[in-house]
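Me: I should like to go through the reasoning behind the structural labels given to this protein. Please set each value against its criterion.

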Amino acid sequence: MAKGDVIGKLPCAVCGHECKVKEDTNGSPYWCCGDCGARVQVGRDPDAKAQVLKMVGKGTPAPEPKPAAKPDKAVNRDGF
């Protein structure tokens with residue numbers, strides 16, 4: 001992907017305006033709000049990059065959590 005290519009859209013954290021998310025040459029997502037001028041750039045944290053890419057629909061979805069294990073016996077929570 002080339003520098004400046006739009007990879008998706010996210011709402012601005014300040015004013016809520018829809019912003020175009022782009023990727024820099026290092027693959028880090030960033031966006032700048034055209035209404036209020038707020039700028040966000042995701043840096044070196046690979047987990048943060050993956051989360052933003054997932055939010056714009058470009059990343060692999062996180063696996064569904066496994067259901068919690070059920071207790072072996074019923075618990076009386078009334079205290080009687």
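Me: What makes β2 and β3 a pair of strands, and in which sense do they run?
Reply: The model is a predicted one. Two bridges join β2 to β3, and the two strands run antiparallel. Pairing requires at least two bridges found by DSSP, so β2 and β3 count as paired. One of the partnerships is that of E23 with P29 in β3. The two strands form a hairpin with five residues between them, and G27 in the turn has a positive phi of about 85°.

Me: How many bridges support the pairing of β1 with β2?
Reply: Strand β1, residues 6-11, and strand β2, residues 18-23, are joined in the antiparallel sense over five bridges. K9 has K20 in β2 as its bridge partner. Six residues lie between the strands of this hairpin, where G16 in the turn shows a positive phi of about 90°.

Me: What is known of the pairing between β3 and β4?
Reply: Strand β3, residues 29-32, pairs with β4 in the antiparallel sense over three bridges. C32 stands opposite R39 in β4. The hairpin of β3 and β4 has six residues between the strands, and G37 takes a positive phi near 85°.

Me: In what order do the strands of the sheet lie, and what makes a strand an edge strand?
Reply: The sheet is open, has four strands in the order β1-β2-β3-β4, and is paired in the antiparallel sense. The edge strands are β1 and β4 (39-41), since each pairs on one side only. On average, neighbouring strands of this sheet are turned by 25° against each other, direction ignored.

Me: Which elements make up the protein chain, and how do they follow one another?
Reply: The protein chain has one helix and four strands. From the N terminus on, they run β-β-β-β-α.

Me: What makes D45 a cap of α1?
Reply: A side-chain oxygen of D45 lies 3.2 Å from the backbone nitrogen of D47, at the N-terminal end of α1. The limit for a polar contact is 3.5 Å, and the 3.2 Å separation falls within it. After α1 comes G57, with a positive phi near 85°.

Me: Why is C36 not counted as bonded to C12?
Reply: The sulfur of C36 is 3.7 Å from that of C12, its closest cysteine sulfur. A disulfide requires sulfur atoms within 2.5 Å, so the separation is too far for a bond. A search of the whole structure finds zero disulfides.

Me: Are C12 and C36 buried or exposed?
Reply: C12 has 8% relative accessibility. The limit for buried is under 20%, so C12 counts as buried. C36, at 39% relative accessibility, counts as partly exposed, because that class lies between the 20% limit and the 50% limit.

Me: Why is P11 called exposed?
Reply: P11 has a relative accessible area of 55%. Exposed means over 50%, so P11 qualifies. P11 lies in strand β1 and touches G16, H17 and E18, not counting residues up to four places away in sequence. The C-alpha atoms of P11 and C33 are 22 residues apart along the chain and separated by 8.7 Å.

Me: Why does V42 count as buried, and where is V42 placed?
Reply: V42 has 10% relative accessibility; as buried means under 20%, V42 counts as buried. V42 is in the loop between β4 and α1. Leaving aside neighbours within four places in sequence, V42 is in contact with S28, P29, W31, A48, K49 and V52. From V42 to G27 is 15 residues in sequence and 9.6 Å in space, C-alpha to C-alpha.

Me: Which residues form the largest nonpolar core?
Reply: The largest nonpolar core has 11 residues: I7, L10, C12, C19, V21, W31, C33, V42, V52, L53 and V56. At least two residues of this core come from each of β1, β2 and α1 (46-55). For C33, the contacts beyond four places in sequence are C12, C15, H17, C19 and A38. In soluble globular proteins, nonpolar side chains tend to be buried together.

Me: How much of the protein chain counts as buried?
Reply: Of its 80 residues, 21% count as buried.

Technical notes
Residues are numbered from 1 along each chain as its sequence is written. This is a predicted model: local features need pLDDT of at least 70, side-chain atom pairs count only at pLDDT 80 or more; totals for chains, interfaces and linings use all residues. Side-chain values use heavy atoms; hydrogens and water are left out. Buried means under 20% relative accessible area, exposed over 50%, partly exposed in between (1.4 Å probe, protein chains only). Axes are lines fitted to C-alpha atoms, for helices over the stretch in contact, and angles run from 0 to 180 degrees between N-to-C directions. A nonpolar core is a set of buried Ala, Val, Leu, Ile, Met, Phe, Trp, Tyr and Cys residues joined through side-chain atoms within 4.5 Å. Contact means heavy atoms within 4.5 Å. A polar contact is a pair of N or O atoms within 3.5 Å; within protein, one must be able to donate a hydrogen and the other to accept it, and residues adjacent in sequence count only if both atoms are side-chain atoms.
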